[in-house]
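Please look over the model below. The notes that follow take one residue and then the sheet around it.

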Amino acid sequence: MAEKPQPVRVVYCAVCSLPAEYCEFGPDFEKCKPWLIQNVPDLYPDLTKDSNSKEEDRVTEQLQSTSISASASSAPKHEEVKRLPGGKIKKKDKLEVVIEKVVRNKRKCITTVKGLELFGIKLSDASKKLGKKFATGASVVKGPTEKDQIDVQGDISYDIVEFITETWHDVPETAIFFIEDGKKVPAA
């Protein structure tokens with residue numbers, strides 16, 4: 001009888017989370033080298049030939065110090081830097097409020113407010129306040145980038161900056177931008 005094939009055990013890199021064979025193609029190969037030398041030296045013999053024992057000690061010491069310091073201080077950094085598949089880094093959203101006026105049916109327009117949630121403001125409460133202040137309809141909708149935004153009926157871009165800064169003191173006027181003719185223009 002033929003023997004059953006056994007599953008292959010894949011070793012994943014603790015630095016870049018790719019299989020160890022693919023670390024050299026990842027974004028952080030220089031950071032992966034100490035881990036590879038320590039855990040899978042037979043996989044990359046070039047790395048171990050060049051280094052002498054002093055360098056190995058220095059690398060392992062550096063690895064241990066970074067893992068200790070990384071575990072102690074990486075909690076806030078882990079939220080800031082998110083890795084996407086393939087090692088790409090997801091950019092953190094900028095703290096800014098973007099106001100855009102969209103014209104529909106010739107004379108009707110909608111004012112779109114994006115980015116209030118980044119300042120810790122509940123969009124449902126904000127839409128209610130905007131609707132009451134400007135006596136129009138306001139609702140929370142999903143935008144084209146799958147992020148929530150507030151759509152307010154009518155052209156309220158003339159008063160909205162003052163209203164936002166007075167109502168929510170966490171939002172500075174320098175963080176509010178208008179989109180005019182496809183360009184981002186500061187409101188201040």
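1. In this predicted model, Thr-112 has contacts with seven residues listed here, its neighbours within four places in sequence being left aside: Val-98, Ile-99, Glu-100, Val-102, Gln-149, Ile-150 and Asp-151.

2. Thr-112 lies in strand 4, which covers residues 108–114. Its relative accessibility is 5%, and because the limit for buried is under 20%, Thr-112 counts as buried.

3. One of the contacts of Thr-112, Asp-151, is also a polar partner: the two side chains are joined by a polar contact of 3.3 Å.

4. Strand 4 is part of an open sheet of six strands with mixed pairing, in the order 5-6-4-3-7-8. Strand 5 (138–142) and strand 8 (183–186) are the edge strands, each pairing on one side only. On average, neighbouring strands of this sheet are turned by 30° against each other, direction ignored.

5. Helix 4, residues 123–134, packs on the sheet and touches strand 5 and strand 6 (148–153). The direction of helix 4 makes about 10° with that of strand 6.

6. Strand 3 (residues 97–104) pairs with strand 7 (residues 176–180) in the parallel sense, over four bridges. Which residue of strand 7 is the bridge partner of Glu-100? The partner is Ile-179. Glu-100 is also among the residues in contact with Thr-112.

Note on methods: Residues numbered from 1 in each chain as written. Predicted model: local features only at pLDDT ≥ 70, side-chain atom pairs only at ≥ 80, totals over all residues. Heavy atoms only, no water. Helix = DSSP H or I, 4+ residues; strand = E, 2+ residues; numbered from the N terminus. Buried < 20%, exposed > 50% of the residue type's maximum accessible area, 1.4 Å probe, protein only. Polar contact = N/O pair within 3.5 Å; in protein donor to acceptor, adjacent residues only side chain to side chain. Contact = heavy atoms within 4.5 Å. Pairing = 2+ DSSP bridges. Axes fitted to C-alpha atoms, helices over the stretch in contact; angles between N-to-C directions.
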